[in-house]
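I am opening a notebook page for a structure that is new to me. I will set down what I looked up, in the order in which I looked it up.

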Amino acid sequence: MSQERRRFDKEFKLMAVELSKSRNSIQELAHELGVCPELIYRWRPEHLEKPEGSFTGHGKARHTPEEAEIARLRKQLRDAELERDILKKAISIFSRGDGKSTGL
């Protein structure tokens, strides 16, 4: 039997992070809150990195318009680089002449 995955809302995570700042033992706090200590250790850096954008839900980070534009441009660059590499390989294949004529 598998155990159902628990979900914690943003307010709970924020409360846990704030409490962890004032506590000496994350282990005790985790026991009091009924969560694994690893969760609190994961939530803390996430909140420090992006206080306003942390804990958006469903594992999908919300991006600012600038971050979304950067992600779009990076994808576009990857696609262009892949296309360029394919074309380079095609040119090298077709330009490899062994000096023989097909003579059709």
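How many helices and how many strands does the secondary structure of the protein chain come to? I noted beforehand that this is a predicted model, and then I found 4 helices and 0 strands in the protein chain. Reading from the N terminus on, I wrote the order of the elements down as α-α-α-α.

**Entry: the chain as a whole.** I looked up burial and found that 16% of the 104 residues of the protein chain count as buried. I then turned to contacts between residues at least 6 apart in sequence, and I noted that 41% of these join residues at least 24 apart.

**Entry: H1 and H2.** I began with helix H1, residues 10-22, and helix H2, residues 26-33, whose axes come within 10 Å and cross at roughly 150°. I recorded the crossing of H1 and H2 as right-handed. Which residues of the two helices meet? From H1 I listed Phe12, Met15, Ala16, Leu19 and Ser20, and facing them from H2 I listed Ile26, Leu29 and Leu33. When I sorted the residues of this contact by class, I had 7 nonpolar, 1 polar and no charged.

**Entry: H2 and H3.** I went on to the axes of H2 and H3, which come within 8 Å and cross at roughly 110°. An angle from 65 to 115 degrees counts as roughly perpendicular, and H2 and H3 are therefore described in that way. On the H2 side of the contact I found Ile26, Gln27, Leu29, Ala30 and Leu33, and on the H3 side Pro37, Ile40, Tyr41 and Arg44. By class, I put down 7 nonpolar, 1 polar and 1 charged residues for the contact of H2 with H3.

**Entry: H1 and H3.** The remaining pair I looked up was H1 with H3, where the axes come within 9 Å and cross at roughly 95°. H1 and H3 are therefore roughly perpendicular to each other. I listed Phe12, Lys13, Leu14, Ala16, Val17, Glu18 and Ser20 from H1, together with Ile40, Trp43, Arg44 and His47 from H3, as the residues that make the contact. Sorted by class, the contact of H1 with H3 has 6 nonpolar, 2 polar and 3 charged residues.

**Entry: aromatic rings.** I counted 3 aromatic pairs. One of them is the pair of Phe8 and Phe12, which is stacked, with 5.1 Å centre to centre and 20° between the planes. Why is the pair of Phe8 and Trp43 edge-to-face? The ring centres of Phe8 and Trp43 are 5.6 Å apart and the planes stand at 70°, so I entered the pair as edge-to-face, given that planes over 60 degrees apart count as such. This pair links distant parts of the chain, since Phe8 lies in the segment before H1 and Trp43 in helix H3, residues 37-49, with their positions 35 residues apart. I also noted that ring pairs link Phe8, Phe12 and Trp43 into a cluster. Trp43 has 4% relative accessibility and therefore counts as buried.

**Entry: His47.** Is His47 buried or exposed? I found His47 in helix H3, and at 11% relative accessibility His47 counts as buried, because the cut-off is under 20%. Leaving aside neighbours within four places in sequence, I listed Leu14, Val17, Glu18, Ser54 and Phe55 as the residues in contact with His47.

Note on methods: Residues are numbered from 1 along each chain as its sequence is written. This is a predicted model: local features need pLDDT of at least 70, side-chain atom pairs count only at pLDDT 80 or more; totals for chains, interfaces and linings use all residues. Side-chain values use heavy atoms; hydrogens and water are left out. Axes are lines fitted to C-alpha atoms, for helices over the stretch in contact, and angles run from 0 to 180 degrees between N-to-C directions. A crossing is left-handed if the near helix is turned anticlockwise from the far one by less than a right angle, and right-handed if clockwise. Contact means heavy atoms within 4.5 Å. Ala, Val, Leu, Ile, Met, Phe, Trp, Tyr, Cys and Pro count as nonpolar, Asp, Glu, Lys and Arg as charged, and the others, Gly among them, as polar. Rings of Phe, Tyr and Trp (its six-membered ring) pair if their centres lie within 6.5 Å; planes under 30 degrees apart count as stacked, over 60 as edge-to-face and the rest as tilted. Buried means under 20% relative accessible area, exposed over 50%, partly exposed in between (1.4 Å probe, protein chains only). Angles under 35 degrees count as roughly parallel, over 145 as roughly antiparallel, 65 to 115 as roughly perpendicular and the rest as oblique.
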